[in-house]
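Ready for some practice in reading a structure? Work through the exercises below with the model in view, and try each task before you look at its solution.

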Amino acid sequence: MIRAPKCEMTLMVNGEKHSIVARQADTLLFVLRNYLGLTGSKPGCLNGDCGACTVLIDGTPIKSCMILAIETIGKSITTIEGLHDAPIQRAFVEQFAFQCGYCTPGFIMNAHALTEHRPDADDETIRKWLESNICRCTSYREIEQAVKSVLAEGQKQE
Amino acid sequence: MIGKSVIRKEAWDKVTGRAKYTHDYLETGMLHAKLVISPYAHARIREIDTKKAFSIPGVRAVITGEGLPLTGEDLRDRPPIAFEKVRYHGEVVAVVVADTLVQAEQAARLVRVVYDPLPAVGSPREALEEGAPLIHERLGSYQKGKYTYPEPNTNIAHRTKIRKGNMKKGWMESDVVVEASFSFSPSDHIAMETRCATAEILPDGNIVIVASTQSPFMVKRLISAYFGEDVGKIVVRTPLVGGAYGGKAPVQLELLAYLASKAVGGRKVSVWNTREQDMITSPVHIGLEATVKLGCTTDGYIKAAEILFLFDGGAYSDKAIDVTRAAATDCTGPYHIENVWCDSLCVYTNHPYASPFRSFGHCEQAFAIERTIDLLAEKLNMDKLELRMKNAIRPGHTTPTQVLLNQSNVGNLPACIRRLYELIQWDEWQRIEIDARTVRAKGVSCSWKTSTIDTDASSGAIITFNPDGSVNLMSGVVEIGTGTKTILAQILAEKLKMDINDVHVKMEIDTQSTPEHWKTVASRGTFMGGRAVLEAADDVIRQLKDIAACILRAPIEDLEVGYGKVFLRDDPSIYIPIKDIAYGYKYPNGNAVGGQIIGRGNYILRHLTPLDKETGAGKPGPEWTVCAHAVEIEFDKRDCTYKIIKAVSVIDVGKVLNFKAALGQVMGAMSMGLSFASRETFLFDQYERVLNPQFRTYQPIRFGEHPEYIADFIETPQIDAPYGARGVGEHGLIGMPAALANALSIAAEVPLNQLPLFPELIWRTKKGEQYDSF
Amino acid sequence: MIPFDLTYHRPSSISEAVQLFEQIQKQGKTPLYYNGGTEIITLSRLNLVFADAVIDIKHIPECRVLDRKQNELTLGAALSLTTIEEANPFPLLAKAASEVADHTARNQITLGGNVCGQIFYRETVLPLLLADCDVVIAGKSGLRQHSIHEVFDQHIRLEPGEFLVQIKVDPIYTTMPHIHIKRRKQGNVGYPLVTVSMIKKERDLRVAFSGVCPFPFRSQAVEEQLNARHLPIETRIVRALQQLPEPILDDVEGSAEYRLFVLKNILTDMLIALEEG
């Protein structure tokens, strides 16, 4: 029953298995950044309020500061580093949907999940999902345009 | 190239998670600091016991405030770590350094500090009352700048006086007078990246700081000035910065990182703010109490302005002094008023200390002025835009600090107002009842701003070549999100007539190899950095022509540079590729001439003067950007809730250099202004402790709460600026609080003179009025 | 960041979870049941929660049930709020859930976690109180099922070592006319200024509140006054609000006075909508 506060854990991140020894109390965000060098997920509040650390766990957006790394054993984790040429990335670039870029990875992960899960999302659904992230530079209008452009593109192809 | 919506150079790094910010440079062996902060707003420190903290394994040092020099840019009133007493909730009282952040945190909780609480001062008016507790007992003994005027034995850190014209005459000429008071508490910048700095002191005495800052070059100067280190031995690196908005202009954590590294034998130490500490321990957005009195003729010409700004500078003056001075500089708003009296005070309180906030004192003063203009219009029964148009500042007028305006140094406000008038269909309606409970209203405001930075501030640029003829651009402007580095690349590409993709930009700042840019503040990056880049480009062109003249056997005067070549103006078929001469030209026999071409350029602000102590006369900045704003809201008369429907800013930017980037700057600034005005404030308890230093209870605007934004531009070139462009980074913000307050005041039919405009505030104001009428 | 060390345990059955809790406690350590985990992580940062061990109950099959039987709706305590929103087995609950925190956070926040939370809003409990639901609780002596009114008074009253496994709702409540209104200080995200849930059972209104007192509640006295239909709505509301169990909250979200004002308006709207509808 007595176990060491640190233990070995194997996490599946961006399709790769990683075995690390971390504190059982470590959050996923801390492990991604400090053990795996995946610094794309950003600490903005460590309190689940800002969304800058959002990653996908089995496809669902989750704030990685609010989940223990050890909880994610056996699950598939996708970070911003695991997105390659996703339409939402290009849309963010083209729509000028970021400035300082700090909230961007979290915003993109959430928006990416939205466009994947809810390709027919209406304005209300977009709002419900994206109000989870705070951006301090843009007016959000640019982000809205980026997300809508990806949704529109998806609908066109169907 | 100019005007095109070129995608920012670091765009792909930012959407792939590869863009690195200060705290992303994690290193094995780096130590971590945790700040122990004061739970009191004002208290004597009786005792600090650090023994228990050392019981946590991995703790390497615990630093307290004894024996440290006082710091502060204009007035040295702040110990980097509190000593003898604390003056605000959140002030650093000790710094714990440990192997890991968790250990540092655990140990920080074991540092025992015994305080004797003192009565706390909660507002500027309270601070100025007879017998108010003195926050700085030794104010008179502090080292200060030449143009800083603290008033010992009071809580006044600095007073800026504006005395223009003849007030007596102004009031004599005035038929109608309005006076009103305004206030708001301190709030915060909440950049998404919290502030962070690391420091390492190498065996040879070199000090390497990596910091999330707008002022890497100032960090270097200040560490040298405060601690007597050789300035040449201090190297400051700044990678991408995750939002700044003025909050990263002051130097704070860098000093702690330096002290921490020193305490552990020079090892690298990281000091990184939690969100809560970033909000209250590090500098905040200033608060204000203001009284404005305006007099005008019956036909609406403003003849006199008497303005009192009592800024809540918080516990330490630092950059707040400058902010309060800037507010005084442009105190009348963009209006031609011949008789002006203004006192702008930087007042000490027991609140977190203030720093610049995007617009540098301007959105604050504009709220007071523009609300008063609306009150004046109401009293005159005059159209609100007409009153503004009548008094709009124009070339030939003088500013409050008596600078004579001309066609170049001020934009065209009447044109902005006219455009605004059309964009918001002002003539259709200004207040309209939708149904028994719902009303829509439009509020307007105008604004202006010049920079008020040091009169000798300068910016430098260096251009080097790659073997393929592409160029590298190095500028000291920090990429804080404004895209200025990309704009500078556009300016260079335009000048050298080359593909923007062949301009490579060095994103990071390294004070050892990047030429200085004073500070990345005040919307001055494009102007100063751009002038430096243009000069560096001229330098490169001159050198290229020099060597090409020799090879092409043609006089320099006949040569042109562009499209990757140096060519004959009258016969472009005779040319030499730049790549063949950028690293010297090699003749077929192996002989070489020339050598690598390095372009240098710099720009120093000219003809600026400090403000006169008694009258404020002086030239604070090179130009004034002018703007007109509007906000349309829908108001629920019963619940006092509202929705922001539309926000408009028309800005005379001189010249649009990158259309989408300019839109982004303006719309982002508008969003920040509306967020500040509608919901952002610190809430204090009766002991002046901050109750809401988290996003849970300090909620900025979120996605879906954003209105429709319209940003539009007028282009009146500033003759001495690159392609005529004026500053634009802050201006969308300035008029937003006032326009929102004006719209809501119209809708609710009560004067709303406080911020933020929570529905509860509107409800209370309305209720007060009803009570009065009984 | 959790600033203390803990061990993490993931039992796969109820009995295993309960045993783990007991064993850890016997070692003189502090165990905590762990569901979505967001509140434990949040509060531990602020030194308001401590645990030597957390026992994650999310993987216990009974805690994950979402079962719509004809005479009983069963909701596992480990269901995320977004799962409940999307499946929508109980529209009023789905609505209440959808107003908690934000969408990404709700992917993690669980029904059980919200009901048993320390942060005092616990807004998903409002529909449960109105629906007279049952709660299934696991403890040393196995499972026990009770009416929520027996175990929830301001907050859930569990014995040491117990945890919430399921909520059982009579489906008749899922189709009743209802309204849920959450009003914040400003904006669409965040803690409530006041939250009110109301359903209409036959002719009677039931109402539950959060953000009014430092705990969520449903009060018979309040309902009696609201249902005194022979009186004008305004009078009923005034009388109902005199029956609040504690003085109205006065905090950073809003003053007591203002909350009262908002509450009156919300109740007026609700009464008009449900009585006329």
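**Exercise 1. Find the volume of the largest cavity and describe its lining.**

Solution.
- Step 1: In this predicted model, the largest cavity has a volume of about 700 Å³.
- Step 2: Its lining is made of 45 residues, and those closest to the centre are B:Thr482, B:Ser523, B:Gln665, B:Gly729 and B:Glu730.
- Step 3: Now look for helices. In chain B, α12 (484-496), α13 (525-552) and α14 (659-679) each give at least two residues to this lining.
- Step 4: Sort the lining by class: 21 residues are nonpolar, 16 polar and 8 charged.

**Exercise 2. Which residues lie nearest the centre of the second largest cavity?**

Solution.
- Step 1: This cavity has a volume of about 130 Å³.
- Step 2: Among its 16 lining residues, B:Thr697, B:Gln699, C:Lys185, C:Gln186 and C:Glu253 lie nearest the centre.
- Step 3: By class, the lining holds 5 nonpolar, 6 polar and 5 charged residues.

**Exercise 3. Describe the contact between chain B and chain A.**

Solution.
- Step 1: Count the residues: chain B brings 55 and chain A brings 47.
- Step 2: Together the two chains bury about 4,400 Å², with 60% of it on carbon and sulfur atoms. B:Val15, B:Met192 and B:Phe703 supply 20% of the area that chain B buries here, more than any other three residues.
- Step 3: Look for charged partners. There are 4 salt bridges between the chains; B:Asp24 forms one with A:Lys42, with the closest N and O atoms 2.4 Å apart.
- Step 4: Finally, ask which element gives the most to chain B's side: α14(B), with 9 residues.

How values were computed. Residues are numbered from 1 along each chain as its sequence is written. Chains are lettered from A and ligands numbered from 1 in the order in which they are written. This is a predicted model: local features need pLDDT of at least 70, side-chain atom pairs count only at pLDDT 80 or more; totals for chains, interfaces and linings use all residues. Side-chain values use heavy atoms; hydrogens and water are left out. On a 1 Å grid over the protein atoms alone, a cavity is a set of points where a 1.4 Å probe fits but cannot get out, and a pocket is an open set with protein on both sides within 12 Å along at least five of seven lines; lining residues have an atom within 4 Å of a point. Grid points are joined across faces, edges and corners, and a volume is the space filled by probe spheres set on the points. Helices (H or I, at least four residues) and strands (E, at least two) are DSSP runs, numbered from the N terminus. Ala, Val, Leu, Ile, Met, Phe, Trp, Tyr, Cys and Pro count as nonpolar, Asp, Glu, Lys and Arg as charged, and the others, Gly among them, as polar. Contact means heavy atoms within 4.5 Å. Buried area is the accessible area (1.4 Å probe) that two parts lose on being put together, summed over both. A salt bridge is a side-chain nitrogen of Lys or Arg within 4 Å of a carboxyl oxygen of Asp or Glu.
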